[in-house]
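Work through the exercises below with the sequence and the structure at hand. Each task sentence is followed by a solution that goes step by step.

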Amino acid sequence: MKILAIETSCDETAAAVVEDGTKVLSNIIASQADLHAITGGVVPEVAAREHIKALPFVYKQALIDANCDWSDIDAIAATETPGLISSLLIGIQTARMLATIHKKQYIPVNHIDGHIYSNWLGRNKADFKFPLITLTVSGGHNSLFLLKSPTEKIELGHTQDDAAGEAFDKVAKMLGLPYPGGPEVAKLAVQGDKHRFKLPISELNEPFNFSFSGLKTSVLYLIRDLGELDQQAKADLAASFEYTVAQTLAQKLIKAAVQYDAKQVHLAGGVSANLILREEIAVELKKHELDIPLFFPTSLKYCTDNAAMIGAAADVFLA
Ligand code: KG4
Ligand code: ZN
């Protein structure tokens with residue numbers, strides 16, 4: 001089963017061909033990041049206009065790279081929600097039109113499901129043992145899921161305010177770093193002392209919900225109180241912030257793994273590229289004497305928004 005998948009929920013125009021939900025035959029991503037760096041964030045109207053320009057080239061290139069023509073494609077999938085509606089519409093309408101013209105099944109996909117099943121890419125379906133817990137951490141969303149089987153999914157919690165990636169982007173802005181801020185904060189943090197600033201880990205009534213707005217405000221007040229920041233203070237702040245976010249996420253993920261007797265823990269979404277987060281999860285697993293594997297996407301390209309993950313999710317729900 002070969003699926004042509006399209007993703008346009010935010011600022012990446014992406015198309016991919018995925019076979020059997022795991023094999024990536026092509027994965028094209030036209031990023032608008034340089035354009036949005038000028039404004040320090042995504043301007044929806046600008047993003048939508050870029051999708052209109054790029055998408056015809058992107059999906060054609062996905063077919064060429066996969067060595068496919070329309071007769072090889074079994075179904076067409078697109079991200080339907082959540083995301084910027086003006087951006088989503090470009091992908092949805094294009095995918096539906098192509099499905100009608102070429103007489104293929106159209107599969108609507110939830111973007112967060114895409115991140116969940118991004119861990120299927122480059123692996124064998126037999127590699128997965130259930131129940132498993134997936135933490136999705138991105139710029140627009142931040143959730144914890146229990147998967148009892150590939151298709152039986154229960155949301156255990158989500159962010160009550162900012163997503164972790166959004167907090168990274170905002171703290172980057174406060175430190176004068178460019179958009180997208182996550183990788184920039186991570187780069188700066190390498191030279192910093194993560195123990196210099198004690199930042200708060202939010203305590204919530206819902207044990208598996210997240211909140212990062214308090215942490216973000218703490219960083220803002222620290223910067224205000226410290227006055228002029230030298231390069232070392234900026235690096236220490238970046239490291240302390242990154243460490244606090246990583247601890248918060250890792251503690252909730254492993255708490256859920258213990259409670260639900262998980263056989264594996266999965267990490268997905270843009271922030272799953274963060275090495276300190278991966279390290280902290282390993283630390284928490286050890287602390288709880290849990291001998292279960294941590295899976296994260298097999299390529300960095302599958303962490304941030306891409307269309308291959310939409311193809312993987314479409315395959316799960318079609319099967
Ligand atoms: O999944 P994604 O591409 O888009 C959404 O669906 O939101 O995630 C993008 C987010 C951005 O906030 C970006 O700053 C963050 O992921 N990010 C990172 C890293 N790489 C990307 N955050 C922390 N460390 C990273 N290495
Ligand atoms: Zn995403």
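Contact means heavy atoms within 4.5 Å, and the angles quoted for helices and strands run from 0 to 180 degrees between N-to-C directions. The model is predicted.

**Exercise 1. Establish the domain assignment of the protein chain and describe how the domains are placed relative to each other.**

Step 1. The assignment gives domain 1 as residues 2-119 + 302-318, while domain 2 covers residues 129-297.

Step 2. Taken over C-alpha atoms, the centres of domain 1 and domain 2 are separated by 26 Å.

Step 3. Across the boundary, 20 residues of domain 1 are in contact with 23 residues of domain 2.

**Exercise 2. Work out the order of the open sheet that contains β1, and find which helices lie across it.**

Step 1. The five strands of this open sheet follow the order β3-β2-β1-β4-β5, and their pairing is mixed.

Step 2. Because β3 (23-31) and β5 (105-110) each have a single partner strand, they stand at the edges, and one side of each is left without a neighbour in the sheet. From one strand to the next, the twist averages 20 degrees.

Step 3. Strand β4 (residues 75-81) pairs with β5 in the parallel sense, over six bridges, and alanine 75 stands opposite glutamine 105 in β5.

Step 4. Helix α3 (residues 85-101) lies across β1 (2-7), β4 and β5, and runs at about 155 degrees to β4. Helix α10 (residues 308-318) lies across β1, β2 (12-19), β3, β4 and β5, with a direction at about 125 degrees to β1.

**Exercise 3. Carry out the corresponding analysis for the open sheet that contains β6.**

Step 1. This open sheet of five strands has the order β8-β7-β6-β9-β10, with mixed pairing.

Step 2. The edges are taken by β8 (153-158) and β10 (294-295), each with a single partner strand, so that one side of each is left without a neighbour in the sheet.

Step 3. Strand β7 (residues 142-147) runs antiparallel to β8 and is joined to it by five bridges; in β8, glutamate 155 is the bridge partner of phenylalanine 145.

Step 4. Helix α9 (residues 275-287) packs on the sheet, where it touches β6 (132-137), β9 (264-268) and β10, and its direction makes about 165 degrees with that of β9.

**Exercise 4. Identify the protein donors of the zinc ion (ligand 2) and decide how its site should be classified.**

Step 1. The protein donors are His111 (NE2), His115 (NE2) and Asp305 (OD), which lie 2.0 to 2.1 Å from the zinc ion.

Step 2. In sequence, these donor residues are spaced H-x3-H-x189-D. Histidine 111 and histidine 115 are four residues apart in helix α4 (residues 111-117), and therefore about one helical turn separates them. Both histidine 111 and histidine 115 are buried.

Step 3. Four donors count as tetrahedral if all angles lie between 85 and 135 degrees. The angles among the four donor atoms of the zinc ion are 94 to 147 degrees, and the site is irregular.

**Exercise 5. Is alanine 189 buried or exposed, and which residues is it in contact with?**

Step 1. Alanine 189 belongs to helix α6 (residues 181-189).

Step 2. Its relative accessible area is 7%, and because buried means under 20%, alanine 189 is buried.

Step 3. When its neighbours within four places in sequence are left aside, alanine 189 is in contact with Ala235, Ala238, Ala239 and Glu242.

Terms used
Residues are numbered from 1 along each chain as its sequence is written. Chains are lettered from A and ligands numbered from 1 in the order in which they are written. This is a predicted model: local features need pLDDT of at least 70, side-chain atom pairs count only at pLDDT 80 or more; totals for chains, interfaces and linings use all residues. Side-chain values use heavy atoms; hydrogens and water are left out. Donors are N, O and S atoms within 2.8 Å of the metal (3.2 Å for Na, K and Ca); water is not among the atoms, so sites may look incomplete. Four donors count as tetrahedral if all angles lie between 85 and 135 degrees; four count as square planar and six as octahedral if opposite donors are over 155 degrees apart and all others between 65 and 115; anything else is irregular. Helices (H or I, at least four residues) and strands (E, at least two) are DSSP runs, numbered from the N terminus. Buried means under 20% relative accessible area, exposed over 50%, partly exposed in between (1.4 Å probe, protein chains only). Two strands pair if DSSP finds at least two bridges between them. Domain bounds come from an automatic or database domain assignment.
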